[in-house]
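Grab a pencil and work through these short exercises with the model on screen. Each task comes with a solution in steps.

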Amino acid sequence: MAFMNLSIIQSMIDALDKPAIFIRPDYSIQAVNRAYLDTYKQPVKLGHSRCHEISHHLAEPCDRHGEECPLLHCQLHGRSTSVVHVHHTQAGLQHCDILMRPVQDEDGMTLGYLEILNKVEFAAAGAGVNKMVGVSASFNRMLNLLNRAASADISVLLQGETGTGKELAARAVHDASHRHDKPFVIIECTGLSEALFESELFGHEKGAFTGASQAKKGLVELANGGTLFFDEIGDVPLNMQVKLLRLLETRTFRAVGGLHPKRSDFRLVCASHKNLLAMVEAGEFRQDLYYRIAGFPIQLPALRERPADIPLLVEQFLLTGTERKHFSPAAMQALCAYSYPGNIRELKSIVEQANLVANERQIQLEDLPQVCQTGVNAQQQTEIRSLEELEGDYLAQLCERFSGSFEELASALGVSDRTLYRKLHKFGLRYR
C-alpha cells in the first residue's frame with residue numbers, strides 16, 4: 001500500500017470519535033485511532049497485531065470459533081456488513097456492534113477494510129443491572145437490529161413469544177436513541193376498554209365526564225419528545241384501531257372534553273406476542289395500522305433458541321436474592337435442558353423459587369420445580385451419553401461460567417494451554 005494512502009486512512013479514522021482500525025485481508029492492523037487504543041488492554045503493534053488477537057484474545061479469526069466474521073463477509077460479498085460480537089475491553093467483556101466496510105482506491109482495487117466499533121451499552125455479557133444479558137449468536141443478532149433501530153426515529157415492532165423480554169428491548173431502543181433523556185411511556189393495551197382508551201391516551205378536561213374533577217394529561221402528551229411504547233398492541237380492538245391510526249398518522253389528538261387539538265412528538269415502539277400479519281389476514285387487525293407500526297420489525301428469540309445464555313441469566317436473577325447462592329452442576333444441567341414455554345419470565349420464576357426452597361448455599365436438583373426435574377430424570381433413565389459428549393458439555397459450561405483467564409482454566413483442568421485450545425476447537429467452543 002502506498003504511504004500516501006495509509007496516511008489518508010490514518011487521518012480519516014483519527015477524525016472518528018468511535019474506536020476504529022484499518023486492517024488488511026490477513027487481519028493485520030495497519031492503522032488505529034486513539035479511541036480504539038483506549039478500549040482494549042492489549043497493545044496494538046501496527047503491521048503485526050491482528051484484530052482477533054486484540055478483541056477476542058484468539059490466535060485464529062472469530063469464524064473458526066463459531067462467530068460470523070465481518071471481514072470474511074466483506075471479502076465474499078464485496079460490500080459493508082455489521083455484526084455484534086463480545087470483545088475483551090478495558091471494562092471487561094463488552095458487546096460491540098461492528099461495522100466493516102471495504103476501502104478501495106480510485107481504480108476500484110480493495111486496499112483493506114475499515115472497522116468501526118459501537119459499544120452496545122444496553123447489553124451485558126454477564127450479570128448486569130437493568131441490561132439485556134446474553135452472548136449467544138441469536139441474542140447478538142437481535143442486539144444488532146435493536147442498535148440499528150435505535151439510531152433512527154423509525155417505528156419499531158417487537159415480536160416474540162410471551163416472556164422473551166419485549167419491554168426490556170423497547171427500553172433498550174429508547175435508551176440508545178437521541179431521545180434517551182426524554183420520557184419512556186408504556187401503554188398496556190391488554191384490557192384497555194373503549195371507555196378508558198381516549199381518557200388514558202389523550203387525557204381529559206375538567207368536567208368532561210362524571211368524576212373528572214380536574215384536568216388530566218394523557219399518556220400521549222406525557223410522551224412528548226420521548227418514546228411511546230404500546231405493549232401487546234395486538235389486543236387493541238378493531239373499533240379503537242381507527243383512532244390509534246389517526247394519532248399515528250397526524251401525531252395530533254384532542255383531550256376528552258377539549259375543544260382544541262394538541263400535538264405530541266414521540267417515537268413509536270410496539271410489541272406483540274401475536275402474529276399480527278395472520279390477524280390482518282383474518283380481519284382482526286387493520287392492514288394500514290400494521291404497516292404504520294411495523295416500520296422495522298424485530299423478532300425476539302425464544303429462550304430455547306439461546307441455551308448458552310441460560311447460565312448468565314441465572315446469575316443475573318440470583319443477584320436479587322438476600323443470600324448469594326449458586327446452582328449445583330446437576331441443577332444447572334436441568335435448567336439448561338428445560339424448554340421454557342414461558343421463556344425468560346419463567347426462568348426467573350424458577351430461579352426465585354429454587355432460591356427460596358434451597359436450605360444450603362448450593363441449590364440442588366431436588367430444589368427445582370418438578371417440571372424441571374422430570375425431563376432430566378427421564379433422560380437419565382433412557383439415554384446413555386458418550387464420554388466425548390459429556391466432555392464437550394462440561395467444557396461448554398466452563399466456557400460460560402469460569403471467571404479466570406484461559407491459562408488459569410487450563411491449569412485448573414490439569415492440561416496444557418495447547419491441549420485445552422485443541423479440545424475447545426474440536427467441540428467448536430471458544431473461551432471468551
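**Exercise 1: a strand and its partner**

Nine bridges join β3 to strand β4 (residues 92-104), and the two run antiparallel. This is a predicted model, where local features need pLDDT of at least 70, side-chain atom pairs count only at pLDDT 80 or more, and totals for chains, interfaces and linings use all residues. Residues are numbered from 1 along each chain as its sequence is written, and side-chain values use heavy atoms, with hydrogens and water left out.

Task: work out how β3 and β4 are connected, and which residue of β4 stands opposite His85.

Solution:
- Step 1. Strands are DSSP runs of E, at least two residues, numbered from the N terminus, and two of them pair if DSSP finds at least two bridges between them.
- Step 2. β3 and β4 make a hairpin, with two residues between them.
- Step 3. Across from His85 you'll find Cys96 in β4.

**Exercise 2: covered or not**

Task: how many residues of β3 (residues 81-89) are buried?

Solution: count those under 20% relative accessible area (1.4 Å probe, protein chains only). Eight of the nine qualify, so β3 is mostly covered.

**Exercise 3: who lines the pocket**

Task: find which residues lie nearest the centre of the second largest pocket, and which helix gives the largest share of its lining.

Solution:
- Step 1. The lining has 28 residues, with Gly165, Leu168, Phe317, Ile344 and Lys348 nearest the centre.
- Step 2. Helix α6 (166-175) is among the elements giving two or more residues.
- Step 3. With four residues, α6 supplies the largest share.

Methods:
1 Å grid on protein atoms, 1.4 Å probe; cavity = no way out; pocket = protein on both sides within 12 Å on 5 of 7 lines; lining within 4 Å. Buried < 20%, exposed > 50% of the residue type's maximum accessible area, 1.4 Å probe, protein only.
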